[in-house]
Amino acid sequence: MERREQLYEGKAKIVYATDEPDLYIQYFKDDATAFNAKKRGTIVSKGIFNNHISAKLFQVVEKQGIPTHYVKTLSDREMAVKKLDIIRVEVVVRNIVAGNLAKRMGVEEGRRLPHPIIDLHLKQDALDDPMINEDTISAFGLATREELAQMRAYALRVNDILKAFFGERNVDLVDFKLEFGRSPADGGKLLLGDEITPDGCRLWEKGTGRKLDKDRFRRDLGQVEEAYAEVERLVTR
């Protein structure tokens with residue numbers, strides 16, 4: 001596979017075209033941002049950790065029936081993925097109160113929820129990714145109601161799979177963000193895209209609540225690289 005022109009550069013990744021029209025290369029950077037890029041920095045080797053973590057977790061959910069854009073790992077920082085028309089809706093699944101949910105509800109972090117909460121956000125950094133609802137998504141043509149139902153079903157299934165996966169590794173899956181897209185090569189089939197990494201997941205050590213995710217960077221807790229390295233070790237062992 002030959003890497004060709006750069007198509008897109010985001011906060012954490014660069015996407016390149018390839019000599020195969022239905023495949024892209026996704027390159028993971030060490031750049032770190034928080035609060036919609038208002039805070040910036042670098043997490044040494046983050047791109048390597050996230051590439052390895054995401055590849056493994058895509059394979060884990062694929063084996064349980066969740067279709068993803070992942071094709072294969074090409075190098076420490078690169079994976080081949082299917083071309084997707086990304087749906088501009090971020091699906092956030094929450095199991096334990098943390099972050100924005102704690103602020104919105106005025107409660108302390110750490111409360112376990114009786115059932116998962118799904119939040120929907122417009123994927124738009126310039127607007128700080130505002131929360132939106134299904135009516136708004138449908139009215140603005142971001143996704144059909146059928147696609148939204150499928151996204152919710154996939155998100156809840158991914159939640160079940162990854163809660164069990166991390167639970168076996170003594171880690172609580174607090175919350176996480178997913179993105180989906182339509183695959184032109186598969187007739188517009190809905191696939192899980194983007195990544196599944198500590199950039200977009202909250203992961204707490206069971207019993208202690210020790211954070212193993214980007215909150216260590218957001219909140220200046222230190223030992224950021226060590227946390228990402230630990231998650232990589234746990235996920236790929």
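**Close-up views of a predicted model**

**View 1. A salt bridge links Lys-11 and Asp-125.** In this salt bridge, the closest N and O atoms of Lys-11 and Asp-125 are 3.4 Å apart. Lys-11 sits in the loop between S1 and strand S2 (13–18), while Asp-125 belongs to the loop between strand S9 (112–122) and helix H3 (134–139), so the pair ties together parts that are 114 residues apart in sequence. Side chains of opposite charge can pair when their charged atoms come close. If you would like to look for others, a search of the whole structure finds 30 salt bridges. Please keep in mind, here and in the views below, that the model is predicted.

**View 2. Five strands form an open sheet.** Reading across the sheet, the order is S1-S2-S3-S7-S6, and the pairing is antiparallel. Strand S1 (3–9) and strand S6 (70–73) are found at the edges; each has a single partner strand, so one side of each is left without a neighbour in the sheet. From one strand to the next, the twist averages 30°.

**View 3. At one edge of the sheet, S6 pairs with S7.** S6 and strand S7 (residues 78–82) run antiparallel and are joined by three bridges. To find your bearings, start at Tyr-70, whose bridge partner in S7 is Val-81. Helix H1 packs on the sheet, where it touches strand S3 (23–28), S6 and S7. The direction of H1 makes about 130° with that of S6.

**View 4. Helix H1 packs against helix H4.** H1 covers residues 46–63 and H4 covers residues 145–167; their axes are 10 Å apart, and the packing angle is about 120°. That angle makes H1 oblique to H4. The crossing in which H1 passes H4 is right-handed. On the H1 side, Leu-57, Val-60 and Val-61 make the contact, and H4 brings Val-158, Ile-161, Leu-162, Phe-165 and Phe-166. How do the residues of this contact divide into nonpolar, polar and charged? Eight are nonpolar, with no polar and no charged residues.

**View 5. Helix H1 also packs against helix H6.** H6 spans residues 224–236, and its axis lies 9 Å from that of H1, at an angle of about 30°. The two helices are therefore roughly parallel to each other. H1 and H6 meet in a left-handed crossing. From H1 come Lys-46, Ile-48, Phe-49, Asn-50, His-52, Ile-53, Lys-56 and Leu-57. Facing them in H6 are Glu-225, Tyr-228, Ala-229, Val-231, Glu-232, Val-235 and Thr-236. The residues of this contact comprise eight nonpolar, three polar and four charged. Look out for Leu-57 of H1, which takes part in the contact with H4 and also in the contact with H6.

Conventions:
Residues are numbered from 1 along each chain as its sequence is written. This is a predicted model: local features need pLDDT of at least 70, side-chain atom pairs count only at pLDDT 80 or more; totals for chains, interfaces and linings use all residues. Side-chain values use heavy atoms; hydrogens and water are left out. Axes are lines fitted to C-alpha atoms, for helices over the stretch in contact, and angles run from 0 to 180 degrees between N-to-C directions. Helices (H or I, at least four residues) and strands (E, at least two) are DSSP runs, numbered from the N terminus. Angles under 35 degrees count as roughly parallel, over 145 as roughly antiparallel, 65 to 115 as roughly perpendicular and the rest as oblique. A crossing is left-handed if the near helix is turned anticlockwise from the far one by less than a right angle, and right-handed if clockwise. Contact means heavy atoms within 4.5 Å. Ala, Val, Leu, Ile, Met, Phe, Trp, Tyr, Cys and Pro count as nonpolar, Asp, Glu, Lys and Arg as charged, and the others, Gly among them, as polar. Two strands pair if DSSP finds at least two bridges between them. A salt bridge is a side-chain nitrogen of Lys or Arg within 4 Å of a carboxyl oxygen of Asp or Glu.
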